[in-house]
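Q: Please take a close look at one helix of this model and the parts around it. I would like a plain account of what it touches and what it contributes.

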Amino acid sequence: MLYQGCMIWSSQYQYEISARKILDFFGVNYKVFPEQQCCGKPLMCVNINTWLTLAARIMAIAEKEGLDVLTLCNGCYLSLNEARKILLESPEKKELVNRILGKEDLKFSGELRIKHIVSVIWEDIGLKKISENVKVKLSGLKLASHYGCHSLRPKEFSIDSNPENPRIIEEILEVLGAESPYYPEKNDCCMILMSNVDVKGADLLRGKKLLAIQRRGFDGMVTICPLCQQSYETRQKRISKMMKEKISVPVIYLTQLIGLALGMSPREVGLDLNMSPVERLLGKIGLSFD
Amino acid sequence: MLGEELRKLISWINPEVCFGCNKCVSGCPVAEIHSEYRPNRIVRLAYLGFIDELIESGVIWYCTQCLKCSERCPMEVYPASVVVALRNIASKRGKTHEAWIKMAKNIALQGKILPEMGVMSIDRKLIKRKDLGIEVPNADRSLLIRILRESGIPLDLGE
């Protein structure tokens, strides 16, 4: 089951489009269920049981079809994994959510896996298959990886075996022909949740990271989460004004870059929907929108 | 010892063992810009029973849940989980931050935390999911309200 989550339903369509193109390319089957709702994570901070029930509903729908869940968003990824763990460890909570879900004939058992798209790319598709299919080398691009927080922490759900200095995005980018060196700001957070309370503070911290990426001579930033993508991509003008410093960094999903390297056009991977100067990045590898 | 309310929510945490190494503070992005926000101080105040004061100060809503404090704490105190528990207690007392009330109402109304905004393409056209031929979510409103209510959300969802 491909589960998109709120941000992708609302505006981050290019992540879903590019992810689906890659899955189709490599023959990974998935199903989409429009009757789904939010993963519940935002309500964890209001009422833990509400979060658990919403998360359990998504998993119960997948279980009914005998499917695992594939998430694109880091937030949804951790939400479902964490909820699954809590429900499996607490018979009381499991009973509570199943009492609520039972009314629409759904039942959470926990017999499924929750996987992030990057893990599917890394484990199920694999670097070898990707490298055999690269048509357009991303040579000459120097890209800053941004993992986001909930794909790495807590470590028991980390998509990389080394959450303090992960390397799997870098290794994928290297197979595509790009370089992706370490930079000290790599693990800095996009501050999406704090922006609910203090937008300026969040923008200041985002600006620090974007500025560092710019000054270190990267051609762009690579994300794997719609919350991070939106945080860094759509706020650049406001951040520039606030910091009195021109910030102009192309921000692009890893799945879009993989698509380009497989020979898909910029529009096919939804680059016409990005809000940062991605043309600059395309120009460097001899591509354009026309 | 934790107060009854907190212990119910975070029974696996023993805040007493914090010896103030400040690892949680040094990694905290919120602490970087808000001097009043210190994960270990929040844990200690909660442990000492200053729950009302923490709720009234509003400081508990600053945490961005990056989870660095919880991962790096050598004593497994999990400050980020303490904050979540405090937010649950605040909500029970009718003190949910307005941003979270809005997200809850949107989930009740349309299944997601925000409406479909669409995006301006490079050709200056407003694009929505239907223009791209991808499924539009259609969660059932009465079902969502029932789930939120039965799971005990302490909010008036305005239905």
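A: In this predicted model, helix H3 of chain A passes H5(A) in a right-handed crossing. The two axes come within 9 Å and cross at roughly 65°, with H5(A) covering residues 91–101. On the H3(A) side, the contact is made by Asn49(A), Leu52(A), Thr53(A), Ala56(A), Arg57(A) and Ala60(A). Facing them on H5(A) are Lys93(A), Leu96(A), Val97(A), Ile100(A) and Leu101(A). By kind, the residues of this contact are seven nonpolar, two polar and two charged.

Ala56(A), one of the residues in the contact with H5(A), also belongs to the largest nonpolar core. That core has 139 residues, and Ala55(A), Ala56(A) and Leu80(A) are those with the most contacts inside it. H3(A), which spans residues 48–64, gives the most to this core, with 11 residues. As a general point, nonpolar side chains in soluble globular proteins tend to be buried together.

Leu80(A) can be followed further. Leaving aside residues up to four places away in sequence, Leu80(A) touches Ala55(A), Ile58(A) and Met59(A), and also Cys39(A), Val69(A), Thr71(A) and Ile114(A). Ala55(A) thus appears both among the neighbours of Leu80(A) and among the core residues with the most contacts.

H3(A) also takes part in the contact between the chains. Here 45 residues of chain A are in contact with 57 residues of chain B. The elements that give two or more residues to this side of chain A are H1, H2, H3 and H9. H3(A) supplies the largest share of that side, six residues. Taken as a whole, the side of chain A that touches chain B divides into 26 nonpolar, 10 polar and nine charged residues.

Two of the other elements on that side, H1 and H2 of chain A, turn up again around helix H10(A). This helix, residues 226–233, is mostly covered, with eight of its eight residues buried. They run from Pro226(A), Leu227(A), Cys228(A) and Gln229(A) to Gln230(A), Ser231(A), Tyr232(A) and Glu233(A). The buried residues of H10(A) pack against helices H1 (6–10), H2 (13–25), H4 (74–89) and H9 (199–215), and against strands E5 (220–223) and E6 (251–253) of chain A.

As for the partner, chain B is divided into domain 1 (4–92) and domain 2 (98–150). The C-alpha centres of these two domains of chain B lie 31 Å apart.

Key
Residues numbered from 1 in each chain as written. Chains lettered and ligands numbered in written order. Predicted model: local features only at pLDDT ≥ 70, side-chain atom pairs only at ≥ 80, totals over all residues. Core = buried A, V, L, I, M, F, W, Y, C linked by C-beta atoms within 7 Å. Buried ≥ 20, exposed ≤ 12 C-beta atoms within 10 Å, placed from the backbone. Helix = DSSP H or I, 4+ residues; strand = E, 2+ residues; numbered from the N terminus. Contact = placed C-beta atoms within 7 Å. Domains from an automatic or database assignment. Nonpolar A, V, L, I, M, F, W, Y, C, P; charged D, E, K, R; others polar. Axes fitted to C-alpha atoms, helices over the stretch in contact; angles between N-to-C directions. Left-handed = near helix turned anticlockwise from the far one by under 90°.
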